[in-house]
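Let's take a friendly walk through this structure, one region at a time. Keep the view open beside you and follow along.

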Amino acid sequence: MIIKIGKATDNDFIINNLSVSRYHANLFFDNEGGWILEDLNSTNGTFINGVQVLKKKITTSDPIRFGNSEIFFLQDLLHANNDYSEDFAQLKDVYRSYVQEKIKIQSSNQLKTRLLQSLPFAIPGIIGVIIGFLGKGNQTIFAISLCVTILAPAVGIYLGARQASKIPMLLQSITDNFKIKYVCPKCGHFLGEIPWESLLNKKQCPACKAKWTKE
């Protein structure tokens, strides 16, 4: 992929500045996994970090200037022709992490809730076995077993309900975070809970028309 930069209207990234040549520079991805900016013998030069260059690898933090133009950064150049495909690709992990975390919270809390509600009902049966060994005539043990028989299920139901009440709060927390991150990389429009693959098929943002896939 080569992004052509200059003043001419057939460039990918057009800069309307008198100091910028018609075909000023090219930006391309090299085999080592980095972006290279190459000056095309422009009249007023290409500058990275204030230093004039002919050909240089650039990072996202490097300020770039063409002639006396305004300062640009790599992300600005990558959005040539309204192309936000690389930014959009990162949303795949955002959606996957959200779904996994939601499933984890629901399954984990359901298990804890069931245990808290079920175990207390088993306790009276265990105490009954103990009474059988120690003797039914022992009033103290009988009184203890009666209290446990009455209180244990009530406590279990209370603890189970308390655990269950945590689920909406935890889900709301990850949903709020999801709404902040799962947005169009250009306009910030929330994309809903639509799977990333389905959005990819749409190819562009319905709100701002930013391109989500390469041509």
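In this predicted model, the charged end of arginine 65 sits over the ring of phenylalanine 47, at 4.3 Å from the ring's centre.

Phenylalanine 47 falls within strand S5, which covers residues 46–48, and arginine 65 falls within strand S8, which covers 64–66. Both strands belong to an open sheet of 3 strands, arranged in the order S6-S5-S8 with antiparallel pairing. Which strands form the edges of this sheet? They are S6 (51–53) and S8, each of which pairs on one side only. Ignoring direction, neighbouring strands here are turned against each other by 35° on average. To see how S5 and S6 are joined, look for the 3 bridges between these antiparallel strands. Threonine 46, for example, has valine 53 in S6 as its bridge partner.

Next, find strand S3 (25–29). Is S3 largely enclosed or not, and why? Of its 5 residues, 4 are buried, so the rest of the structure largely encloses this strand. S3 pairs with S1 in the antiparallel sense over 4 bridges, and lysine 4 has asparagine 26 in S3 as its bridge partner. S3 is also joined to S4, again antiparallel, by 5 bridges. Here leucine 27 is partnered with leucine 37 in S4. The hairpin made by S3 and S4 has 5 residues between the strands, and in it glycine 33 takes a positive phi near 90°.

Leucine 27 and leucine 37 also bring us to the largest nonpolar core, which has 19 residues. Both are among the members that touch the most other members, together with Ile5, Phe13, Ile58, Phe66 and Leu77. Which elements give two or more residues to this core? They are strand S1 (2–6), strand S3, strand S4 (35–39), S8 and H1. The largest share, 3 residues, comes from H1. Leucine 37 is a good place to pause: leaving aside residues up to four places away in sequence, its contacts include Ile5, Ala25, Thr46, Ile48, Leu54, Ile64 and Phe66. There is also a second, separate core of 18 residues, and Tyr84, Ile105, Trp196 and Cys205 are among its members.

Now turn to the aromatic rings. A pair of such rings is described by how far apart the centres are and by the angle between the planes. The structure holds 10 aromatic pairs. How are the rings of phenylalanine 13 and phenylalanine 72 arranged? Their centres are 5.3 Å apart and their planes stand at 90°, so this pair is edge-to-face. Phenylalanine 13 lies in strand S2 (residues 13–14), while phenylalanine 72 lies in the loop between S8 and helix H1 (74–78), so the pair ties together parts that are 59 residues apart in sequence. Phenylalanine 13 is buried, with a relative accessible area of 13%, and phenylalanine 72 is buried too, at 9%.

Phenylalanine 72 has another aromatic partner in phenylalanine 66: this pair is tilted, with 6.1 Å from centre to centre and 45° between the planes. Phenylalanine 66 counts as buried because its relative accessibility is 0%. Elsewhere in the model, Tyr95, Tyr98, Phe178, Tyr182 and Phe190 form one aromatic cluster.

Note on methods: Residues are numbered from 1 along each chain as its sequence is written. This is a predicted model: local features need pLDDT of at least 70, side-chain atom pairs count only at pLDDT 80 or more; totals for chains, interfaces and linings use all residues. Side-chain values use heavy atoms; hydrogens and water are left out. Rings of Phe, Tyr and Trp (its six-membered ring) pair if their centres lie within 6.5 Å; planes under 30 degrees apart count as stacked, over 60 as edge-to-face and the rest as tilted. Buried means under 20% relative accessible area, exposed over 50%, partly exposed in between (1.4 Å probe, protein chains only). A charge sits over a ring if NZ of Lys or CZ of Arg is within 6 Å of the ring centre and within 35 degrees of the ring normal. Two strands pair if DSSP finds at least two bridges between them. Axes are lines fitted to C-alpha atoms, for helices over the stretch in contact, and angles run from 0 to 180 degrees between N-to-C directions. A nonpolar core is a set of buried Ala, Val, Leu, Ile, Met, Phe, Trp, Tyr and Cys residues joined through side-chain atoms within 4.5 Å. Contact means heavy atoms within 4.5 Å.
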